[in-house]
Amino acid sequence: MNRRLIVMRHAKSSWADGSMSDHERPLNERGRREAPEVANKLVELEWFPEVILSSDAKRTLETWKHMKPVFKDADCSPIRHKLAELYHAGMDEVVDALTDVIDDIECVLLLGHNPGWEDVVAYLSGVSVTMTTANAVLLEGEGDSWQEALERGSWQLVEVIRPREL
């Protein structure tokens with residue numbers, strides 16, 4: 001089965017309140033603007049996630065909040081799961097999260113943080129990509145199950161979406 005994986009870093013967060021924990025930082029104005037821009041590009045490319053696996057950090061949840069209306073307008077209503085283990089996660093946590101996704105699902109959006117997301121992309125595709133905020137890497141792979149599909153270097157990097165290039 002053809003599988004699609006969107007690995008997306010959260011949109012730009014605010015550093016205005018220095019007393020706030022990293023986990024609780026919200027998006028800034030730029031982040032609130034760029035999140036739906038990326039969603040619009042995904043819709044234009046017909047990359048419709050069926051499941052969202054998101055870190056539980058405030059900035060990732062807000063990123064999805066600003067993307068969701070774009071997908072809803074495109075008749076795409078993915079199921080979102082917020083997972084504490086995806087906060088500053090790496091490949092091990094991604095494998096655990098994806099192997100829990102039912103095998104009928106073809107497209108998943110991972111929404112989280114760096115440096116882990118760059119490591120995930122490099123592991124799956126063999127390509128090193130710098131992921132600044134709100135960047136989304138589109139990967140395609142094959143496998144009868146998500147677990148089977150997660151082999152090192154077996155995914156093709158299709159495109160990198162960068163808000164500043166939209």
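Analyst: Contact means heavy atoms within 4.5 Å. By that rule, and leaving aside neighbours within four places in sequence, Glu 118 is in contact with Val 129, Thr 130 and Met 131. This is a predicted model, in which local features need pLDDT of at least 70 and side-chain atom pairs count only at pLDDT 80 or more, while totals for chains, interfaces and linings use all residues. Residues are numbered from 1 along each chain as its sequence is written, and side-chain values use heavy atoms, with hydrogens and water left out.

User: Why is Glu 118 called partly exposed?

Analyst: Its relative accessible area is 24%. Buried means under 20%, exposed means over 50%, and partly exposed lies in between (1.4 Å probe, protein chains only). The value falls in the middle band, so Glu 118 is partly exposed.

User: Where is Glu 118 found?

Analyst: Glu 118 is in helix H4. Helices (H or I, at least four residues) and strands (E, at least two) are DSSP runs, numbered from the N terminus. H4 covers residues 116–125.

User: How do you know that the buried residues of H4 are on the same side?

Analyst: The buried residues are Gly 116, Trp 117, Val 120, Val 121, Leu 124 and Ser 125. They cover an arc of only 145° around the axis, which puts them on the same side of H4. The arc is that of the directions from the helix axis to the C-beta atoms. The spacing fits a general rule: an α-helix has 3.6 residues a turn, so residues three or four places apart point the same way.

User: What covers the buried residues of H4?

Analyst: The cover includes strand E1 (2–9), helix H3 (91–99), E4, strand E5 (136–142) and strand E6 (156–161).

User: What makes Gly 112 buried?

Analyst: Its relative accessibility is 0%. That is under the limit for buried, so the label holds. Gly 112 belongs to strand E4 (residues 107–112). Apart from neighbours within four places in sequence, its contacts are Met 8, Arg 9, His 10, Ser 55, Thr 60 and Trp 117.

User: How many aromatic pairs are found in the whole structure?

Analyst: The search finds two. In one, Trp 64 and Phe 71 have ring centres 5.7 Å apart and planes at 25°, so the pair is stacked. Rings of Phe, Tyr and Trp (its six-membered ring) pair if their centres lie within 6.5 Å; planes under 30 degrees apart are stacked, over 60 edge-to-face, and the rest tilted. Trp 64 and Phe 71 are both buried.

User: Why is the pair of Trp 146 and Trp 155 called stacked?

Analyst: The centres are 6.2 Å apart and the planes are at 20°. Both values meet the limits, so this pair is stacked too. Trp 146, at 0% relative accessibility, is buried. Trp 155, at 3%, is also buried.

User: How do you know that the charged end of Arg 25 sits over the ring of Trp 15?

Analyst: The charged end is 3.7 Å from the ring centre. A charge sits over a ring if NZ of Lys or CZ of Arg is within 6 Å of the ring centre and within 35 degrees of the ring normal. Arg 25 is listed as sitting over Trp 15. Arg 4 sits over the ring of Trp 47 in the same sense, 4.2 Å from its centre.

User: What makes Glu 46 exposed?

Analyst: Its relative accessible area is 56%. That passes the cut-off for exposed, so the label follows. Glu 46 is in the loop between helix H1 (29–44) and E2. Its phi is near 65°, a positive value in a residue other than glycine. Most residues other than glycine have a negative phi, and most peptide bonds are trans.

User: Which peptide bond is cis?

Analyst: The bond from Asn 114 to Pro 115 is cis, with omega near 10°. Pro 115 lies in the loop between E4 and H4.

User: Why does His 88 count as partly exposed?

Analyst: At 43% relative accessibility, His 88 falls between the two limits, so it is partly exposed. Its place is the loop between E3 and H3. Phi of His 88 is also positive, near 55°.

User: What makes Ser 145 buried?

Analyst: Ser 145 has 17% relative accessibility, which is under the limit, so it counts as buried. It is in the loop between E5 and helix H5 (146–149). Leaving aside neighbours within four places in sequence, Ser 145 is in contact with Arg 3 and Asp 103.
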